[in-house]
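This report describes how two chains are arranged and how they touch. A pair of packed helices follows.

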Number of protein chains: 2
Amino acid sequence: MSSSAKSALLEEYALIAHALSAPARLMILEQLAQMERGVEALAGKTGLTTANCSQHLQQLRRAGLVASRRDGNAVIYRLTDARTLELMELLRIVAERNRAEVEHILRGLAGGGETPEAISRDVLAARLSEGSVTILDIRPADEYAAGHIPGALNAALTDLDRIIPSLDPDAEIVAYCRGPYCIYAHQAVAALRKRGLNARRLEGGLPEWREDGLPVLAERP
Amino acid sequence: MSSSAKSALLEEYALIAHALSAPARLMILEQLAQMERGVEALAGKTGLTTANCSQHLQQLRRAGLVASRRDGNAVIYRLTDARTLELMELLRIVAERNRAEVEHILRGLAGGGETPEAISRDVLAARLSEGSVTILDIRPADEYAAGHIPGALNAALTDLDRIIPSLDPDAEIVAYCRGPYCIYAHQAVAALRKRGLNARRLEGGLPEWREDGLPVLAERP
DNA sequence: CTAGTGTTCAAGTGATTAATTGAATAATAA
DNA sequence: TTATTATTCAATTAATCACTTGAACACTAG
């Protein structure tokens, strides 16, 4: 009884870890952290087929990490627990500390140049009110519309060149994206710095910002 | 290049999660959190065969979670990173929040009776110096010998009856074991309370206590 | 050197997995 | 009702997994 309780518990914990052990599911969770979405939309965003995405979603549901509701004939999935984001971030931290490959990949994204430390959310929040920073939201427009840092300009990565001329060359620029798994901000910072701009990355992304209770602006709430 | 970098990163994160997705490996990690150990000793503690345990250890090593050194003809494994423990604890927290089964199992361990909240490490550490608490270490003797809270009495679960007569019936008793995955302390508290003693569980186990920088006594350091 | 101990490797089995395809099911609109 | 859209199910494939068995390897003691 006691040893079966122990192994039952271990199986529960392993089930959560298993839910996070497929890249496809990590992508889905990152997407759901931006906003709730239907299966087809998620499939489009992640590049999975609809059926495959649905199956992954059901595995996530079995683990209790996502829940769904019906809206007409669409099934809208959402994260059940913001703690899952912490779990994913810790996963990233442990991977970064223990696997040299991770740092190697991240260095490659910086394009060879030196990249300054990411700015913390606290610090950015404090400077927000001063208006002394230009904030760039490097995500697709629909995710920006679902919520963004007040005052942030939206620009997709492929769209950066369009917005660069309008930036104050002397201002400090802070770029953010979906979160710790997202490389948009890394790439944006590398591109901006290559053009001589003073750009840094924000630690984490919008979901982490929201989770810290910091202000978020949505197009229609 | 960018999308391949993204998927390469996701695969790295998934690799860590995968390492944690088997109950056998969670058991091994919990053991290694107590003390470093050779393959055979780990196999004995976890109930795995030696070969199987060795294979799991190599999977953990591939993920970077454990490292090894040779000592004579024995290969001694250890955790590489205490952050892994945080990851396991968060895994437990998310499982507890999202899966009703977990709470159900834990309630079963309490034996139907009411169990008080676990006492935090800070609070116990503060009371330690006052000497107003009896601390019980519910782990096998070898793990106790490798390190324990100063002043703690060692008693295996099967051994509880032996030690109970010597306990002050009016004192507050705090029991701890290997950590958040370990159910020894749960069971010990249930048994002690059934006998009318004022027992509570310590939050986390010895590894977490040590990780907080709190004092640990080892038989031979 | 040989014998003994502790660990790893290699091959094989059964179970589980991710992903594909196409059919089945819900809910809505005409 | 039928048609449409969105999602899930069922059957399939190839790959990977945990675990077992028995042999191979590394190191130590004699």
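In this predicted model, Ala17(A) is the residue of chain A that comes closest to the rotation axis, with its C-alpha at 2.6 Å. The same surface serves both copies, as 100% of the contact residues of chain A recur in chain B. A turn of 180° with a shift of 0.0 Å along the axis lays chain A on chain B, and the RMSD is 0.0 Å. The two copies are therefore related as by a two-fold rotation axis.

The contact between the chains draws 45 residues from chain A and 45 residues from chain B. On the side of chain A that touches chain B, the elements giving two or more residues are helices H1 (2-19), H2 (23-34), H5 (83-98) and H6 (100-109) of chain A. H1(A) gives the most to this side, with 14 residues. The make-up of this side of chain A by class is set out below, next to that of the contact of H2(B) with H3(B).

| Contact | Nonpolar | Polar | Charged |
|---|---|---|---|
| Side of chain A that touches chain B | 25 residues | ten residues | ten residues |
| H2(B) with H3(B) | four residues | two residues | one residue |

Within chain B, helix H2 (residues 23-34) packs on helix H3 (residues 39-46) at an angle of about 115°, and their axes are 10 Å apart. The crossing of H2(B) past H3(B) is right-handed. From H2(B), the residues Ala24(B), Met27(B), Ile28(B) and Gln31(B) take part in the contact, meeting Leu42(B), Lys45(B) and Thr46(B) of H3(B).

Methods: Residues numbered from 1 in each chain as written. Chains lettered and ligands numbered in written order. Predicted model: local features only at pLDDT ≥ 70, side-chain atom pairs only at ≥ 80, totals over all residues. Axes fitted to C-alpha atoms, helices over the stretch in contact; angles between N-to-C directions. Helix = DSSP H or I, 4+ residues; strand = E, 2+ residues; numbered from the N terminus. Left-handed = near helix turned anticlockwise from the far one by under 90°. Contact = placed C-beta atoms within 7 Å. Nonpolar A, V, L, I, M, F, W, Y, C, P; charged D, E, K, R; others polar. Least-squares fit on C-alpha atoms with pLDDT ≥ 70 in both.
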